[in-house]
Amino acid sequence: LTQHMALLFSALWMMVQRPLRIWRALRTCLAGRPAGLRPVIVRLAYVAEACLLVRRARAAGVTHIHAHFGTNPATVARLARLLGGPVYSFTAHGPDEFDQPLLHDLHGKVADAAFAVGARSATDLLDRDVGDVHLHAAAFCGMTPSRRSSSSSPARSSAAVLTHMVW
């Protein structure tokens, strides 16, 4: 119940504090949706999650969000950005994003992202008819010890990786 209240409070706060931004996020997420009530409810939940993400990212000092999937997590990260949150990037693993690029608004996500990465297994799918989507890099899924440099350590940064939101 507490998480649901946090989502509701965040959405209400955003409506009062940033009405034009929330209007833009609503228009973006509702465009191109399938017919029916369920897709509308799901996409409204994405907006509420994005509102909460903006508040939590700001509180934690996060300046970049990386969504680890080009589907729902990238949608929430994109909406958070539209709401005034941090810049975002995402990794498209496929096949969902490539099978239904219009449903997942792959073009819009790539256009609004700081960068988009195609996982090696997913970039093989790009020869299908997905339009003019261009991912900026190809990465291998997984990291084997032989590919990882033992002398390197990750730099401290204010980035967050979004795999999914847990209510």
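Start by selecting Ile22, Ala25, Leu26, Cys29 and Leu30 in α2. Add Val40, Arg43, Leu44, Val47 and Cys51 in α3, which meet them. Look at the classes of these contact residues: nine are nonpolar, none is polar and one is charged. Keep in mind that this is a predicted model.

**The α2 and α3 helices**

Now widen the selection to residues 19-30 for helix α2 and residues 37-60 for helix α3. Two packed helices are described by the angle between their axes and the distance between the axes. For α2 and α3, the angle is about 140 degrees and the axes are 10 Å apart. That makes α2 oblique to α3. Their crossing is right-handed.

**On to α4**

Keep α2 and add α4, residues 72-82. Here the packing angle is about 150 degrees, with the axes 8 Å apart. An angle over 145 degrees counts as roughly antiparallel, so α2 is roughly antiparallel to α4. The crossing of α2 with α4 is right-handed.

Zoom in on the side chains next. From α2, select Arg21, Arg24, Ala25, Thr28 and Cys29. From α4, select Arg78, Leu79, Arg81 and Leu82, which they meet. This contact divides into four nonpolar, one polar and four charged residues. Ala25 and Cys29 were also in your opening selection, where α2 meets α3.

**Back to α3, with α1**

Hide α4 and show helix α1, residues 2-17. Its axis comes within 8 Å of the α3 axis, and the two cross at roughly 85 degrees. Angles of 65 to 115 degrees count as roughly perpendicular, and α1 and α3 are therefore roughly perpendicular to each other.

In α1, pick Gln3, Ala6, Leu7, Phe9, Ser10, Ala11, Trp13 and Met14. Their partners in α3 are Ala48, Glu49, Cys51, Leu52, Val54, Arg55, Arg56 and Arg58. Count the classes in this contact: 10 nonpolar, two polar and four charged. Cys51 meets α1 here, and it was among the α3 residues that meet α2.

**Last stop: the largest pocket**

Which residues are closest to the centre of the largest pocket? Select Arg43, Tyr46, Thr75, Leu103 and His104 to see them. The pocket holds about 390 Å³ of space, and 19 residues line it.

Colour the lining by helix. α2, α3 and α4 each supply at least two residues. The largest share, five residues, comes from α3. Then colour the lining by class: nine residues are nonpolar, five polar and five charged. Arg43, one of the residues closest to the pocket's centre, was also in your first selection, on the α3 side of the contact with α2.

Definitions and conventions
Residues are numbered from 1 along each chain as its sequence is written. This is a predicted model: local features need pLDDT of at least 70, side-chain atom pairs count only at pLDDT 80 or more; totals for chains, interfaces and linings use all residues. Side-chain values use heavy atoms; hydrogens and water are left out. Axes are lines fitted to C-alpha atoms, for helices over the stretch in contact, and angles run from 0 to 180 degrees between N-to-C directions. Helices (H or I, at least four residues) and strands (E, at least two) are DSSP runs, numbered from the N terminus. Angles under 35 degrees count as roughly parallel, over 145 as roughly antiparallel, 65 to 115 as roughly perpendicular and the rest as oblique. A crossing is left-handed if the near helix is turned anticlockwise from the far one by less than a right angle, and right-handed if clockwise. Contact means heavy atoms within 4.5 Å. Ala, Val, Leu, Ile, Met, Phe, Trp, Tyr, Cys and Pro count as nonpolar, Asp, Glu, Lys and Arg as charged, and the others, Gly among them, as polar. On a 1 Å grid over the protein atoms alone, a cavity is a set of points where a 1.4 Å probe fits but cannot get out, and a pocket is an open set with protein on both sides within 12 Å along at least five of seven lines; lining residues have an atom within 4 Å of a point. Grid points are joined across faces, edges and corners, and a volume is the space filled by probe spheres set on the points.
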